[in-house]
Amino acid sequence: MNYKRFIVYQGAIGMASTMIFPFYILLINNVGNSYSQFGWAYGLFALTAAICYPFIGKLADKVGDKWLLGVYSWGMALTLLFFPLANEIWHVYILQVIMGVFGAVQRNSEKTVLARHVIKETAGKEIGKYHIWTSIAAAAAVIGTGYLVDFFTISSIFYIASAVFAWSGFIVMKKEKQFSGLPE
Amino acid sequence: MKRYFMLMAYVLIFAASLHYFTDQSAGPTVEDRSRLLPVKMKAVKAGDSPSDIQQIVRDANAAGDEIAIAGMQHSQGGHTEYPDGILLDMKPYNEILEFDAEKKTITVQSGATWGDIQEHINPSGLALKVSQSQNIFTVGGSISVNAHGLDIRNHGLIDTIESMRLLDATGTILELSADQNSELFKAAVGGYGLMGVILDVTLKLTDDALYQIESEQLRYDEYSDYFKEKIKNDQVKMHLARISISPESFLEEMYVMNYSEVAQQDLLTEPQKLKEETLIAVPKFFLGLARLNDEGKEAFWKTQKTYAESVDGKKISRNNVMRSDSEFMEYSHPKNTEVLQEYFVPVDNFEAYIDDLRKTLAEEESFNLLNITIRYVEENEKAVLSYAKEDMFSLVLLINQGTDSQSIEDTGRVIRNMIDVTLDHGGSYYLPYYGYPTKEQMAEAYPRTKEFFELKRKYDPKERFMNLFYEEYKQ
């Protein structure tokens, strides 16, 4: 996967994940009913991630970033399909734990790709540029979804985000093209 | 190749998820407080036994606290709220106590929903006699607003109550029915939680049956005659109509849906599976368009007509007619909210009434009316606060409005005008909604208003049971 495709990829998954996060609270609101439950849902996410980081870090050097990004995309695409079916707070807890694992995979891989790609001297500029595009994608997603929720249900947002993740998984698995003669 | 395999596997799982999702029950109901009246209460209390609730009432007596009784809180005029009072949440008090399939009666705690009852009685081939079109409300809540629905043959909700137990302000449990404590019974049905806490209720049931839907389009000026002709046919058991809110056919085009008992009832060999809310994204989308602008309203109206046509000739069980979708109407917007109004107008006055209503609304560009559903209510004056002074059509209006004070004022003006028109045609309006109407309008629509409030103070002299509706309209 070349670096340009990595940015498109990160933009896409950034879109899909910011799409669900602010509105995700509405789902918990339907399912659970206290602030402590919100706290636990998010806390479990962060805790699981913390536990997973050491393993994921080692794994990244062994199997490669691309493989992990693929796992993340398809994993999220599938996990999100279970959200509309959640109707008890413990369903949400379990999904949060699974999301915690994938969240850790993504955060770690994002950084390892960047670390392997950028040159120390221009790292600031490169990473800044990277953040511009991923942030724009995230902004577009979250604003757009605000309108979508008015027209659709929270559940459909999960389905749409899941499809975006699936698409991102699909492109990340795309084989490297042979040298086409064009400069990158 | 691997990625194509992944994609195929994903599509399969996606389809499975969607399938289970649409199959799954409608899910937990979200409480719906009228977003126009945020009220800070002292505490929310609930009990799942009569003695718990008795204790809550006694404690309130001792502490001098007011109690506002709440079910699903779909009443929009502060009927379930009182500042600094105790909110008595009846939802956990929801057991089915006794079901007698032979005698066709069921006794339930008042926090049970109509949906709970349907699930219990459907396997025995029984159905409710009168309930709202949606089944998400609690039994106690519906009785307190003296609700009505699509049924045109079983009279009023009050007639389907064999008896009920009411906890009064002193903490005593009384037996209420048409024969026993009948004065209090007639005040508590449609009593908006002011007479006491309805504890449990014995309801009369009827047989589930298979109905065939017949849908037709007509003009508003044909409707009264059409309906009077239709109702002569005993087979027609339920009826619903809608009138256009699209600017292109505003208050002119209509469609009706009749539910007639089919001759070969043996088709209903076993109880039809209760339907669950399915693809709500489609109606939700078109309702969303209707909120936006005139084109959206036209698109919404066309979709409604197409839907009505598409179900023509279909067969459906009585239980399933009485559990309409409602989730697609759930709406959350930071600045806007959706309110309901309901007007009753005598069957014969319908045409003239609609003409006047159209005139009243002609100038109101910013009044965002989204839907009008029409049902029929038979004359029934048993409840003290009875709206059906004769055989009437009921028009339920769904209105989108802002929550700021200017919007409330504007909407209030339009609504008061509409109520004036309704009263001019010998009609009345429904009380569970926001306090837009004036006291005078209430007194005119409900000639026994004064008597009702006197009964309130007779049975609850210390005004233990309080709510904003009472505070606003008491006389």
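**Exercise 1. State how many helices and strands chain A has, and how chain A is ordered along the sequence.**

Solution. The secondary structure of chain A, in this predicted model, comes to 6 helices and 0 strands. Read along the sequence, the pattern is therefore written α-α-α-α-α-α. Of the 184 residues in chain A, 39% are buried. Among contacts in chain A with a separation of 6 or more, 86% join residues 24 or more positions apart.

**Exercise 2. Find which elements of chain A have the lowest and the highest mean pLDDT, and which stretch falls below 50.**

Solution. Start with the whole chain: the mean pLDDT of chain A is 82, and 86% of its residues reach 70 or more. Next, take the elements. Helix 1 (residues 3-31) of chain A has the lowest mean, 78, and helix 3 (residues 65-80) of chain A has the highest, 91. Last, look for weak stretches. Over residues 177-184 of chain A the pLDDT is below 50, and beyond near neighbours in sequence this stretch has 1 contact in the model. Where pLDDT is low, the predicted coordinates should not be read in detail.

**Exercise 3. Describe the side of chain B that touches chain A.**

Solution. Count the residues: the contact takes 20 from chain B and 21 from chain A. Then assign them to elements. Helix 1 (2-23) and helix 7 (281-292) of chain B each supply at least two residues of this side of chain B. Helix 1 of chain B gives the largest share, 10 residues. Finally, sort by class: the residues on the chain B side divide into 12 nonpolar, 5 polar and 3 charged.

**Exercise 4. Determine where the buried residues of helix 3 and helix 13 of chain B lie around each axis.**

Solution. In helix 3 (residues 114-121) of chain B, the buried residues are Trp114(B), Ile117(B), Gln118(B) and Ile121(B). Seen down the axis of helix 3 of chain B, they fall within an arc of 100°, so they line one face of the helix. The spacing follows a general rule: an α-helix has 3.6 residues a turn, so residues three or four places apart point the same way. Among the elements covering the buried residues of helix 3 of chain B are strand 4 (96-100), helix 4 (139-144) and strand 9 (197-207) of chain B.

Now repeat the steps for helix 13 (residues 449-459) of chain B, where Phe452(B), Leu455(B), Lys456(B) and Tyr459(B) are buried. These cover an arc of only 105° around the axis, which puts them on the same side of helix 13 of chain B. Lys450(B) and Arg457(B), on the other side of helix 13 of chain B, are exposed. The cover over its buried residues includes helix 5 (182-188) of chain B.

**Exercise 5. Locate the residues that touch the most other members of the largest nonpolar core.**

Solution. The largest nonpolar core has 119 residues, of which Ile67(B), Leu88(B), Leu166(B), Ala188(B) and Val197(B) touch the most other members. Strand 9 of chain B contributes the largest share of this core, 6 residues. Take Ala188(B) as a case: leaving out residues up to four places away in sequence, it touches Leu166(B), Leu176(B), Met195(B), Gly196(B) and Ile198(B). Another core lies apart from the largest one; it has 47 residues, among them Met15(A), Met99(A), Ala161(A) and Phe165(A).

Methods: Residues are numbered from 1 along each chain as its sequence is written. Chains are lettered from A and ligands numbered from 1 in the order in which they are written. This is a predicted model: local features need pLDDT of at least 70, side-chain atom pairs count only at pLDDT 80 or more; totals for chains, interfaces and linings use all residues. Two residues are in contact if their C-beta atoms, placed from the backbone, lie within 7 Å. Helices (H or I, at least four residues) and strands (E, at least two) are DSSP runs, numbered from the N terminus. Ala, Val, Leu, Ile, Met, Phe, Trp, Tyr, Cys and Pro count as nonpolar, Asp, Glu, Lys and Arg as charged, and the others, Gly among them, as polar. pLDDT is the predictor's confidence in each residue, from 0 to 100. A residue is buried if 20 or more other C-beta atoms lie within 10 Å of its own, exposed if 12 or fewer, and partly exposed in between; C-beta atoms are placed from the backbone. The arc is that of the directions from the helix axis to the C-beta atoms. A nonpolar core is a set of buried Ala, Val, Leu, Ile, Met, Phe, Trp, Tyr and Cys residues joined through C-beta atoms within 7 Å.
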